[in-house]
Structures are given as structure tokens and as C-alpha cells.
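This report covers one residue position and the packing of three helices.

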Amino acid sequence: MADGGALMRNEEGIGAVLGVLKQQFGERFQTGHAIRQQHGHTTTWIENQMPDGVVFAQSTQEVSEIVKVCATHKVPIIAYGTGTSLEGHVNAPAGGISVDVSQMDKVLEVNAGDLDCRVQPGVTREALNTYLRDQGLFFPIDPGANASLGGMTATRASGTNAVRYGTMKDNVLNVEAVMADGSIIRTARRAKKTSAGYDLTRLMVGSEGTLGIITEVTLRLQGIPEAISAARCSFPSVEAAAKTVMAVIQYGLPVARIELLDAMMVGAVNAYSKLDLPKTPMLLLEFHGSNAGVIEQAETFGALAEEEGGTGYTATATLEERNKLWQARHDAYWAMLALRPGCNAIASDVCVPISRLAEALRASETKAAEMGLMAPTVSHAGDGNFHATVLVDMDDPDEIARGRSFISWLNDMAIGMDGTCTGEHGIGQGKKSYLVRELGPETLAVMAAIKKALDPDNIMNPGKILI
Ligand SMILES: Cc1cc2nc3c(=O)[nH]c(=O)nc-3n(C[C@H](O)[C@H](O)[C@H](O)COP(=O)(O)OP(=O)(O)OC[C@H]3O[C@@H](n4cnc5c(N)ncnc54)[C@H](O)[C@@H]3O)c2cc1C
């Protein structure tokens with residue numbers, strides 16, 4: 001499950017680094033079993049591979065010093081935000097040092113007039129939005145977990161709002177990063193657009209800690225819309241719901257959120273969040289704009305949904321009701337795990353061109369049923385991105401094998417539709433074998449050349465994405 005077997009532990013180097021960091025960081029450097037385990041992978045079925053020590057950095061300068069110590073002794077460095085990644089990203093297959101940036105949690109500057117802000121990497125998305133609320137601003141990217149902005153940048157994360165506001169790649173203006181030799185770079189300035197040289201911002205966004213440690217992020221912000229309304233609508237099949245989403249996108253309706261839940265997922269959400277939603281496939285929506293604008297959007301959606309047999313189209317009446325519904329959506333992962341206590345989740349997050357979404361969802365549903373697997377599905381449908389998460393009994397080797405085989409089939413199907421094996425979670429350890437199928441060896445060779453040039457000793461999060 002986890003891999004990295006080819007990577008060798010550098011025992012001598014690790015011993016030397018442990019000694020230096022203990023002396024330099026005192027209580028902020030920890031080597032206890034529990035904390036090391038917590039800083040390995042903990043979210044899915046991928047096995048935990050702990051680092052040898054965890055250091056809590058408090059400044060860019062400190063990160064640079066830590067990297068220089070590790071570089072001298074050729075010891076792996078794994079950046080750690082909140083550890084919510086799903087593909088073994090924070091595992092330490094060859095040991096090394098986890099650099100936890102959660103204490104780098106300051107909002108450094110908000111430029112309300114320019115709609116941007118600069119933050120340290122340990123600020124979480126919820127903390128940033130709490131900080132911004134009084135100024136009438138918000139940051140729209142919202143993965144289901146309350147992840148750190150450094151981690152979200154490093155995984156090129158997105159969430160329910162991406163259909164309207166884009167992903168981290170669209171919302172990061174520049175980063176400050178400590179590179180593998182300890183040098184500190186800034187990738188761009190605050191201008192909304194730039195043609196100045198290679199786009200190192202985009203290179204660092206999604207690099208999963210394999211090229212450097214992000215120590216500051218400058219983000220685009222949005223004004224809180226004048227009006228926000230939410231709604232839900234039930235459908236006779238997943239395909240009918242997906243066809244409605246396709247119509248919405250092709251029509252150009254500027255929905256802020258359009259999320260699809262299959263019937264099994266609706267059942268899970270009902271049980272976990274104490275809701276009473278009709279147990280059929282469902283779309284959850286949110287409209288942003290002026291008062292008149294959101295009414296018009298909602299009416300247009302209603303007409304499109306009706307054509308596909310949508311029923312029970314209901315607007316949420318109060319802010320409390322709206323928050324409850326979206327909290328339930330954000331808790332869907334835990335709701336799904338609660339469907340089968342004791343099981344583990346094999347995560348997936350394929351993304352296909354929107355015109356293929358209905359076909360992909362139908363095929364996924366049919367295949368899981370044929371293979372006798374429980375795979376509740378939730379989809380950021382407006383982007384063509386969906387999570388069919390297989391719930392497996394880890395004591396049943398046959399079920400594990402079927403789960404793996406389903407995920408492999410699913411990823412190949414998405415790639416075959418000119419889509420991707422990962423719309424937002426990233427490659428980590430779990431998706432490495434699919435990257436070459438998706439992009440081909442020549443493209444991977446270019447990625448490997450970049451990695452080699454920037455991190456010749458392969459100390460930055462080794463065993464992820466490529467090697
Ligand atoms: C319930 C649940 C729901 C989720 N829903 C979504 C979703 O809707 N959309 C989505 O995109 N993801 C989702 N995720 C996955 C996860 O939340 C994201 O991948 C998130 O961006 C990870 O952030 P983190 O702070 O937890 O990073 P971590 O898990 O700590 O790290 C992730 C990767 O980034 C690297 N990294 C972390 N910080 C830095 C840094 N400062 N500099 C360089 N590299 C760094 C790490 O080395 C690692 O490779 C979900 C996860 C859970 C558990």
C-alpha cells in the first residue's frame with residue numbers, strides 16, 4: 001500500500017540530524033512515538049510510515065536552518081501542515097524529519113483594496129475566513145478538511161467552490177519557499193498578472209513538498225456576495241443529476257457550488273448529520289450574486305433540473321439551515337466511514353471532461369455493484385470531479401484486492417476519457433503508478449529533470465509523485 005521500498009534509510013545522517021535539531025530546538029523538536037506516528041499518514045488505508053523526529057518551525061529563517069542541517073547530512077525533510085492529505089503524502093518511507101509549520105499561523109497582511117492577502121503556511125482555511133469576515137472578504141477554496149493554506153498550496157487543492165472560483169492554482173499569486181539547499185525564494189510579486197519568466201508559482205503549487213517548503217503564500221480574495229442562496233434537488237438517478245450539471249455548465253449558469261451525492265452517500269449524511277434528506281441522488285447548490293441575480297439563477301436551475309426529472313427542489317430558508325447543509329456536505333467523508341465501522345477508505349478523486357461526467361458516474365456505480373463493493377460517491381460535479389470511496393474490511397484480502405482493482409479500473413477509465421486520476425488530492429504515494437499512464441514517460445522525464453535540478457539529493461519529501 002505505502003511504497004518507497006527502493007529508498008534507503010541514511011542511518012548515520014539521521015542520527016547526526018537528530019542530535020543537532022535537539023540542541024537547536026529543544027522542546028520544539030520531538031521524537032516520541034505518538035507524535036511521530038501522528039505525523040505519518042493517518043487518513044486512509046495507506047500504511048503509516050513515521051518520520052524520525054518532528055520539528056515545530058516558527059519562521060522562514062528557522063525552516064531554512066532546518067533544511068540546511070538536513071541537506072548537509074542528506075536526510076529527508078517532509079513538510080507537514082495538518083496531515084489531512086489522502087494519498088500518503090506525509091509518510092516518511094526512508095525516515096527523516098517532519099517539519100510541522102502549524103505554528104507559522106499568522107495572517108501577515110490583508111490588502112482589501114487589491115483583494116489579496118499574505119499568510120504563513122500554517123494558517124488554516126477556516127482561520128483565514130474568520131479573520132477576513134469583518135472586512136467583507138473571503139477565501140473561497142474549501143477542501144472538506146480544515147487544511148492549512150501551505151498544504152492546500154502544496155497539493156493544488158480545491159473544494160466545493162471551485163466551479164465558480166477555481167482551485168489553488170488560480171488563487172495563489174506568489175509563494176515564498178525554502179529550497180532544498182536552504183535558500184529562500186519568492187516566485188512573483190503581487191500583480192494580478194505577470195509575464196516575468198518561468199512560472200515558478202505554478203511549479204510550486206501542487207509540488208507536494210518535493211521541491212521546497214512553502215513559508216508564505218499570497219492569495220487572491222473575494223468580496224462576500226450581496227446575496228447567497230442554497231438549494232437542494234433530488235433525482236431519479238445519478239445519471240439524471242449529472243446530466244443536469246452538464247446542462248448547467250454548458251448553459252453558463254454561474255453556480256457557486258453544485259455538488260452531487262449518490263443515494264448511498266445521502267443515507268450516510270442523513271445518519272451522521274441527523275438530517276432527513278430524501279434517499280435518492282441529490283444535487284446541493286449555492287448561488288452567489290445580487291438579490292435579483294440569485295433569484296434568476298435559482299429559477300434557471302429549476303427549469304434545467306425539471307427536464308431531467310428533478311423533484312423536491314427546495315431553497316434553504318435560513319442561514320442556519322444553509323450552514324447545516326454545507327457542514328453535512330463537508331462531513332461526508334466521516335459520514336461515509338461511519339457507514340461501515342472498522343473499515344478503511346480507499347480514496348479516489350478522478351476528474352473527467354464535463355461532457356463525460358454522467359457516463360463516468362454511471363459506469364462507476366455499475367462497476368462497484370458488479371464487484372460487490374460499497375463505494376458511496378460524492379462529486380464536485382461542476383468540475384467533472386468525483387470521489388467514489390471504497391469502504392474495505394482490512395481483514396479481508398479478497399475485498400482489498402477487489403477494492404484495488406476497482407480503483408485501478410476507475411483511474412484508467414478517467415484517463416481514457418482524457419481526464420485525470422486526481423482532480424484535487426494529488427499523487428503522493430498512492431497515485432504514482434497512474435501518473436505515467438496519464439502523462440506518458442516523456443512528460444515524466446521532464447518532471448524528473450526539474451526535480452533533479454532543484455533537489456539533486458532527493459531530500460525533499462522523497463518517494464512522492466516521482467521517486
Ligand atoms: C475529510 C476530508 C475531506 C477532504 N476534502 C478535500 C477536498 O474537497 N478537496 C481537496 O482538494 N482535498 C480534500 N481533502 C484532502 C486534504 O484536505 C488536502 O489535500 C489538503 O490540501 C491538505 O492540506 P494539509 O494542510 O492537511 O496538508 P498535509 O496533509 O499536511 O500535507 C500535504 C502535502 O503537502 C505538503 N506540504 C504541507 N505543507 C507544506 C508546505 N508549507 N510547504 C510545502 N509542502 C507542504 C506535504 O509535505 C504533503 O506532501 C480532504 C481530506 C479529508 C480528510
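## A buried loop residue and two helix contacts

Thr-389 has a relative accessibility of 5% and therefore counts as buried (under 20% relative accessible area, with a 1.4 Å probe and protein chains only). The model is predicted, so local features need pLDDT of at least 70 and side-chain atom pairs pLDDT 80 or more, while totals for chains, interfaces and linings use all residues. Residues are numbered from 1 along each chain as its sequence is written, and side-chain values use heavy atoms, without hydrogens and water.

Thr-389 sits in the loop that links β19 (385-388) to β20 (390-392); strands are DSSP runs of E with at least two residues, and helices are runs of H or I with at least four, numbered from the N terminus. Beyond neighbours within four places in sequence, its contacts (heavy atoms within 4.5 Å) include Met-336, Ile-346 and Pro-376.

Two packed helices are described by the angle between their axes and the distance between the axes. Axes are lines fitted to C-alpha atoms over the stretch in contact, and angles between N-to-C directions run from 0 to 180 degrees.

| Helix pair | Angle | Axis distance |
|---|---|---|
| α15 (397-416) and α16 (432-439) | about 25° | 10 Å |
| α16 and α17 (441-454) | roughly 120° | within 6 Å |

The angle in the first row makes α15 roughly parallel to α16 (under 35 degrees). Ile-407, Ser-408, Asn-411, Asp-412 and Ile-415 of α15 meet Tyr-434, Arg-437 and Glu-438 of α16.

The angle of roughly 120° makes α16 oblique to α17 (outside the ranges under 35, 65 to 115 and over 145 degrees). Here Leu-435, Val-436 and Leu-439 of α16 touch Pro-441, Thr-443, Leu-444 and Met-447 of α17.

Note on methods: Buried < 20%, exposed > 50% of the residue type's maximum accessible area, 1.4 Å probe, protein only.
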